[in-house]
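Q: Could you take a close look with me at one part of this model, the sheet that brings the two chains together? I would love a connected walk through its strands and through what surrounds them.

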Amino acid sequence: MPLLKLVPDNTNIHFLKWQWPTTIVSVLLMIASWTLVFTEGLNLGVDFVGGQMIRVTFTQSAKAPVPVLRGEIEKLGYGEPVIQTVGTPNAVSIRMRLPHGSEGNAGLADKMTRTITSDIKAHHPDARVDGVDSVSGKVSDELGWTAVKALGFAALAISIYIWFRFEWQFGVGALVSLIHDVSLTMGLFAVTQMEFDLTIVAAILTILGYSLNDTIVVYDRIRENLKKYRRMPMNELLDLSVNETLARTIMVAATMLITLTALLVLGPKVIFGFSAALIVGIVVATYSSVYAAAPMLTWLGVTGQSFVPSETAQDRQERIARGEV
Amino acid sequence: MLDFPVWKRIWLWALTLVAVACALPTLVTQFGGTWPSQLPNPQVNLGLDLAGGSQLLLEAQPSDVAKQRMDTMNETVRTKLRDAKPRIQIGDVSTANGRLSFLLEDPSQVDAAREALLPAVNGTGSVREWDLQVVDGSRFVLTQTQKGLDNAVTQAMDSATEVVRKRIDALGTREPTIVREGPRRIMVQVPGLQNPQQLKDLLGKTAELEFKLVDTTALQSDIAQGIVPPGDEIVPYAPGTPQAGTSIAVKRLGGIRGDTLTNAQQSFQPQTNEPVVNIQFNGQGADKFGRLTTENVNKPFAIILDGQVLSAPNINEPILGGSAIISGSFTVESANALAIQLRSGALPVKLTVVDESTVSAELGADSIHKGAVAMLVGTVIIVLLIAAAYGRFGIYADLAVIINVLMILGIMAVFNTTLTLPGIAGFVLTIGTAVDANVLINERIREERRRGRKAFQAVDLGYKEASRTIFDANITHVIAATLMFMFGSGPIKGFAVVLMIGIVTSVFTAVYLTRMWVALWLRRARPADIHI
């Protein structure tokens, strides 16, 4: 039986021919993402801004009556609710600010929950309250801060590791492609206004790990080829390395996308945003390992001589074995 | 790289089998079976987001603890100096700005006063509890040391955790998780609990019970204006009592505290059928209570809970047996809650709910069902894809991926970790990395074959070259997972745990197990060429 090959043998695509147009697109997309994040803002969940979130599923309806619901809740006098569907069209999350003075008196928030849920149940007999989250402002500040810390430290620590394992240019390249991937994912959340909560931070950390993983695989091959073909022009060598690892890149991205699509379509609605973030992140990370991570190396001045002193006796023996000496 | 002596093979198989065996109890239970009770039963716990239930994050204010210590110190200073020989007179006592300061009437007694206070100031532990300064010759200023306060907060939180546990156990709910989080928080998780209101009512009160004599000479008009008669304090009636909204004056000293109770039960007043709480004092408390009631027959005394008067009945006769009845406009539920609170003791510090989350059991069941289906579908497609792409090598890789999932479950069960929804996402990423490792190896073998190497050599080189990349890639995952675990909270932690275990098992299964299988096959079959 012939084996399935997602990428034919001896594929030779001149990826780097497109490095300037893609760079411009990448930079523009990053600027657009951050502009959107700052102008439109992220739709932050109660994890980060504090408040109360009530999840409700309308079990007998195909679609949740969002505008009706909004009107009903506004009438209760607790302020304007943020209502959006989660995963399936008949499930919503309703977010409210905590009532004034609830920092000192927890009973106020409870009373609001009870009033809202009983009001919903009275108007919509098929409503099922799936869960209530209530986060005080103090805790939410902390959660936001710990999330930023976790992200920042992880990115920095990994870049330093790459710097030690390769050369400083590789560390910088990895960091830049990582910032690129995270930026675009943030942009996705600014555009779609999907809820940005703690699970999404977990997703971004995953993208960070995946992006680096992808970058490292390509870098590892570049390093190997740099030692092997010292006189090859840099662009040609980068193309060769990207092409050699292309089969792996496509295969792994495909498997990740398959599991994530299964999770997005069949999985629980609570992790819909998580799966969506990961899918976009992985597509972007795959692209950036080719178009951001690789060209960065030439711009930062990596040449055929970068790894000259690092040839060991073992490397030499390998070269002899390959018949290159 | 393809040399596998017998001892190595035994080790690899043993590790694999043990880890997979540990996953069995969880799998059997989750799919509706029962695990034989005579066998060890390690289980993966399901997080609240999967099992349904309530979670509360309770926080104590250090300022409360500081205030309590201040009150105690105030009391200690008064008794110590009064009991000193000769007696030391003080005046102008103030507890403002977190400092206790007072003036000695006779400045020559400075040394005697310092001597009398030293044991209390230095405390019993290794940490000095208070800073003592003497200013202007005769003014004593006592300030709490940060270390002393920290210690006190830690102690208060330790006993608060115990009290919380007792109160929740009294509810009879199944398997609550109660853990300290950081220096001043307690996390409570109760699986299956749908309405956390009862729980919050139970934990929201410190339940400090006091019996104090009512000052019948105090003028109602003074009390209403907030003028405190000397030696008294003004206490409001609790909401829900008939006198709610008004206050009474009680004597500050000479009362009894509820920490001498041995038991408390909800029952009914025989005459009125009103819900009440029966309490039972221990020997010492019974003596004190007997004395108080004997000396004050026909006078009213106030039953005070957390600074609010429940009722102020008349003492009709001395109560000597050490048991008494508390009435206070209770419902059966509130009387029952108070009985539980009194039985479990007072909380040493007030706890407020700062984070609360409830997940319905339906949603939990829905999540776990859909999560499992999605994982299954995803895994089946991947397994087919890998087998189609790499043939025999793909089937080895598939076996490795499946064993990888089982090993993660097994290790999680052994360490009794909790699987949450983000944890399932961690599984997905781990499957991805496991596949990645195998793809890296197999693509490399393909490449080496294209370069014209013989089967054996191509496989050997494939594993060797790919291992370096796999190592680098996984180290970055370890770094990310460690930092997530250190700095992350809740969902991020759940994700990081699965990821960390998954990194170890995926390298083990993808690099070692498949290599062993491939090596053994190459040796046995001695194929002239490999189909990859």
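What follows is a tour of that sheet, then of the chain contact and of two neighbouring topics.

A: Happy to, and please keep in mind that this is a predicted model. The sheet is an open one of eight strands with antiparallel pairing, and its order reads 3(A)-4(A)-2(A)-5(A)-18(B)-2(B)-8(B)-7(B). Its edges are strand 3 of chain A, residues 82-86, and strand 7 of chain B, residues 177-181, each of which pairs on one side only. From one strand to the next, the twist averages 20 degrees.

Let's start where the chains meet. Strand 5 of chain A, residues 127-135, runs antiparallel to strand 18 of chain B, and five bridges join them. If you would like a pair of residues to find on screen, look for Ser134(A), which stands opposite Glu356(B) in strand 18 of chain B.

Moving on within chain B, strand 2 (residues 53-60) and strand 8 (residues 185-191) are antiparallel and joined by seven bridges. Here Leu58(B) has Ile186(B) of strand 8 as its bridge partner.

Now for the wider contact between the chains. On the chain B side, 61 residues are in contact with 57 residues of chain A. Strand 18 (351-359) of chain B is one of the elements that supply at least two residues each to this side, along with helix 10 (361-414), helix 11 (421-450), helix 12 (455-487) and helix 13 (491-525). Helix 10 of chain B gives the largest share, 17 residues. By class, the side of chain B that touches chain A holds 33 nonpolar, 17 polar and eleven charged residues.

Chain A itself is divided into domain 1 (15-41 + 140-322) and domain 2 (51-135). Their C-alpha centres lie 40 Å apart. Four residues from domain 1 of chain A and seven from domain 2 of chain A make up the contact between them. The domain 1 side of that contact has one nonpolar, one polar and two charged residues.

One last stop is a hairpin in chain B. Strand 3 of chain B pairs with strand 4 (residues 99-104) of chain B in the antiparallel sense over three bridges, and Gly91(B) stands opposite Leu103(B) in strand 4 of chain B. Four residues lie between the two strands, and in this hairpin Asn97(B) takes a positive phi near 55 degrees. Strand 3 of chain B, residues 90-94, is hardly covered, as the count of buried residues among its five residues is zero.

How values were computed:
Residues numbered from 1 in each chain as written. Chains lettered and ligands numbered in written order. Predicted model: local features only at pLDDT ≥ 70, side-chain atom pairs only at ≥ 80, totals over all residues. Pairing = 2+ DSSP bridges. Axes fitted to C-alpha atoms, helices over the stretch in contact; angles between N-to-C directions. Buried ≥ 20, exposed ≤ 12 C-beta atoms within 10 Å, placed from the backbone. Contact = placed C-beta atoms within 7 Å. Nonpolar A, V, L, I, M, F, W, Y, C, P; charged D, E, K, R; others polar. Domains from an automatic or database assignment.
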